[in-house]
Amino acid sequence: MERFTYVTFFILSCVLVCFQVHRVLNYPTEVIVFEVANCLEALAAAVSRVCQTMAAANLPHNLLIADRGHRVFLYPNVFSQRAARGIIDEDILDTQIGPAVFEISGHMLIKTRDLYENISHQMCCRILREASVCETMLEGIINLALDTVDELPHHPCPCRFCSTKHCVDDLVGHEMTKD
Ligand SMILES: [Zn+2]
């Protein structure tokens, strides 16, 4: 699995930049990274506010806190929701891998010897892709993080992408369907 590479898409624009919000690029799961600039308390307050809002919206997520709290990875994780909706391929479910913070961070826990010897990079990407939120939801979470909105845009997400099978190649944005 490749290491995370990310670029800064958004910087909190205030007189004093307290923290930065990044988006991980070219990775199967959409990941947001908070990085401290000069105030750990501001970073912690922002992360906790985003997590509380996501929890209130029943949107599962994992956190990886790194570098003594100076960098926090937020993984919105809708794998179980998508499994409950019956839209995840059987061969993915058969691996019995439920991606959480370990798996999304790149540490895949393989439960059988047969799978360990045969699993491919492509399959790992497909598994992680199923945990990912869509572009619309990701933008909503980023806006939460930047404190430009108070709640998520929609829940559950009504877009075509969220209600259809995810594809590893489908790493770019998708069109919303109007209901
Ligand atoms: Zn969606």
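Q: What share of the contacts in the protein chain with a separation of 6 or more is accounted for by residues 24 or more positions apart?
A: In this predicted model, such residues account for 52% of those contacts. A pair enters the count because its C-beta atoms lie within 7 Å.

Q: What makes L74 a contact partner of residues elsewhere in the sequence?
A: The criterion is a C-beta separation within 7 Å. Leaving aside residues up to four places away in sequence, L74 touches I32, F34, V50, H61 and L63, so the C-beta atom of each of these five lies within 7 Å of that of L74.

Q: Why is the set that includes I32, F34, V50, L74, I141 and A145 called a nonpolar core?
A: The term requires buried residues of nonpolar types joined through C-beta atoms within 7 Å. The largest such core has 36 residues, and the six named touch the most other members. Two or more residues each come from β2 (19-24), β3 (32-36), α1 (40-56), β5 (71-76), α6 (121-130) and α7 (135-145). The largest share, five residues, is that of α7.

Q: Why are M137, G140, I141, I142, L144 and A145 of α7 called buried?
A: A residue is buried if 20 or more other C-beta atoms lie within 10 Å of its own. These six are the buried residues of α7, so each of them reaches that count. Across the 179 residues of the protein chain, buried residues make up 29%.

Q: What makes up the secondary structure of the protein chain, and in which order do the elements run?
A: There are seven helices and five strands. From the N terminus the order is β-β-β-α-β-β-α-α-α-α-α-α.

Methods: Residues are numbered from 1 along each chain as its sequence is written. This is a predicted model: local features need pLDDT of at least 70, side-chain atom pairs count only at pLDDT 80 or more; totals for chains, interfaces and linings use all residues. A residue is buried if 20 or more other C-beta atoms lie within 10 Å of its own, exposed if 12 or fewer, and partly exposed in between; C-beta atoms are placed from the backbone. Helices (H or I, at least four residues) and strands (E, at least two) are DSSP runs, numbered from the N terminus. Two residues are in contact if their C-beta atoms, placed from the backbone, lie within 7 Å.
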